[in-house]
Structures are given as structure tokens and as C-alpha cells.
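Please work through the following exercises with the sequence and the coordinates side by side. Each one sets a task and then gives a solution that goes step by step.

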Amino acid sequence: MKKTILILGAVVIFMASFSKADLAKEKTVNATATVSSHALQSNPGEKLINKSDCLGCHNKTNKIIGPAYVDIAKKYPATEKNINMLADKIIKGGTGVWGNMPMTAHATLKKDDAKLMVKYILSLKK
């Protein structure tokens, strides 16, 4: 629990370190990206991700705090075993696979929804 609070505090400090100009620019870019992504969104897993807190730590193509979705797709073949394992990791949280930063648990997320999210992420494999 103390680790989680410490990590969240570090994230808040990190985010507060952006200047107002950076934030204004980022808001403009994010607003444009959000409009574009919502217009193109059709996958149920993608919709669930966009409604969740996943985008605070993950991005489709770039590493933020956690790995990019395309990197996850490269690492894990889209097998039923991997889909179940990754869905459980989303629900229970974890650490150690992509570094020391723990992934927050999402205990209220339904297993079927987590599986839809994983299937979408794994579909991004190039």
C-alpha cells in the first residue's frame, strides 16, 4: 500500500512538472486525437480501454509508464492462454514483466471485458 501511494505521488509530481505551454499544446493534441479516435473507434475492446484509466499509463504506439500496446502485442501471441493470463493481470495488477513499476489492479473489471481489451491489444501485432 505504501509503495502504491509513493508511486502515485511520484506520478503526480512528474505530471505537475510540465509547463503551462506544454500542457496547452498537449491538450490541443489530445483533443484532436480523441476526436479522431472516437470517430474511428469500432472495436469493443478499444472502447473499454478508452473509457478506463488505461490511457494514463499506456499508449497504442509509445511507452508512457507502462508498455505500448503494440509492444505487448509483439511479446504475446494471441492464444487463449495468453488472453486469459493478460486479462487476469489487468484485473489483479502486477509488476516485474516490463520493469519495476507496478500495474494497478482493476478488481471491479469483469473478466469478459478484460478479455475484450486484451484481444484488441493483441490484434495490434504488426
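The exercises below concern a predicted model, and they go from the overall fold to the core, one helix, the charged pairs and two loops.

**Exercise 1. Overall description**

Task: Determine how many helices and strands the protein has, and what share of its residues is buried.

Solution: Begin with the secondary structure, where the protein has six helices and zero strands, so that its pattern, read along the sequence, is α-α-α-α-α-α. Turn next to burial: of the 126 residues of the protein, 24% count as buried. The accessible surface comes to about 8,800 Å², and carbon and sulfur atoms account for 63% of it. Finally, consider the contacts with a sequence separation of 6 or more, of which 47% join residues 24 or more positions apart.

**Exercise 2. The largest nonpolar core**

Task: Identify the residues that touch the most other members of the largest nonpolar core, and find which helix gives the most to this core.

Solution: The core has 20 residues, and those touching the most other members are Ile49, Tyr69, Ile72, Val118 and Leu122. Looking at where the core residues come from, helix H4 (69–75), helix H5 (80–92) and helix H6 (111–122) each supply at least two of them, and H6 gives the most, with six residues. As a last step, follow the contacts of Ile49 beyond its neighbours within four places in sequence: Ile49 is in contact with Cys54, Leu55, Tyr69, Met117, Tyr120 and Ile121. In soluble globular proteins, nonpolar side chains tend to be buried together.

**Exercise 3. The buried face of helix H3**

Task: Establish which residues of H3 are buried, and what covers them.

Solution: The buried residues in H3 are Gly45, Glu46 and Ile49. Viewed down the helix axis, the buried residues of H3 fall within an arc of 100 degrees, and therefore they line one face of the helix. Their cover includes H4 and H6. At the start of H3, one should also inspect Asn43, a side-chain oxygen of which comes to within 2.7 Å of the backbone nitrogen of Gly45.

**Exercise 4. Three salt bridges**

Task: For each salt bridge, state where its two partners lie and whether they are buried, partly exposed or exposed.

Solution: The count comes to three salt bridges, and they can be taken in turn. Side chains of opposite charge can pair when their charged atoms come close.

- The pair of Lys74 and Asp71 has its closest N and O atoms 4.0 Å apart. Because these two residues are three residues apart in helix H4, about one helical turn separates them. Lys74 counts as exposed at 57% relative accessibility, whereas Asp71, at 28%, counts as partly exposed.
- The side chains of Glu80 and Lys115 form a salt bridge with an N to O distance of 3.4 Å. Since Glu80 lies in helix H5 and Lys115 in helix H6, the pair ties together parts that are 35 residues apart in sequence. Glu80 is partly exposed at 45% relative accessibility, while Lys115, with a relative accessible area of 17%, is buried, the cut-off for burial being under 20%.
- The side chains of Lys111 and Asp88 meet in a salt bridge at 2.7 Å, N to O. This pair links distant parts of the chain, with Lys111 in helix H6 and Asp88 in helix H5, 23 residues apart. Lys111 is partly exposed, with a relative accessible area of 31%, and Asp88 is partly exposed as well, with 27%.

**Exercise 5. Two loop residues**

Task: Locate His58 and Pro102, and decide whether each is buried or partly exposed.

Solution: His58 has its place in the loop between helix H3 (44–51) and H4. With a relative accessible area of 12%, His58 is buried. A polar atom of the His58 side chain lies 2.8 Å from the backbone oxygen of Pro67. Apart from neighbours within four places in sequence, the residues in contact with His58 are Ile64, Gly66, Pro67, Tyr69 and Met103.

Pro102 is found in the loop between H5 and H6, and its relative accessible area of 35% makes Pro102 partly exposed. To place this loop residue against an earlier part of the chain, take the C-alpha atoms of Pro102 and Ile65, which are 9.6 Å apart although the two residues are separated by 37 residues along the chain.

Technical notes
Residues numbered from 1 in each chain as written. Predicted model: local features only at pLDDT ≥ 70, side-chain atom pairs only at ≥ 80, totals over all residues. Heavy atoms only, no water. Core = buried A, V, L, I, M, F, W, Y, C linked by side-chain atoms within 4.5 Å. Buried < 20%, exposed > 50% of the residue type's maximum accessible area, 1.4 Å probe, protein only. Helix = DSSP H or I, 4+ residues; strand = E, 2+ residues; numbered from the N terminus. Contact = heavy atoms within 4.5 Å. Areas by Shrake-Rupley, 256 points an atom, 1.4 Å probe, with all protein chains shown as cover. Polar contact = N/O pair within 3.5 Å; in protein donor to acceptor, adjacent residues only side chain to side chain. Arc of directions from axis to C-beta.
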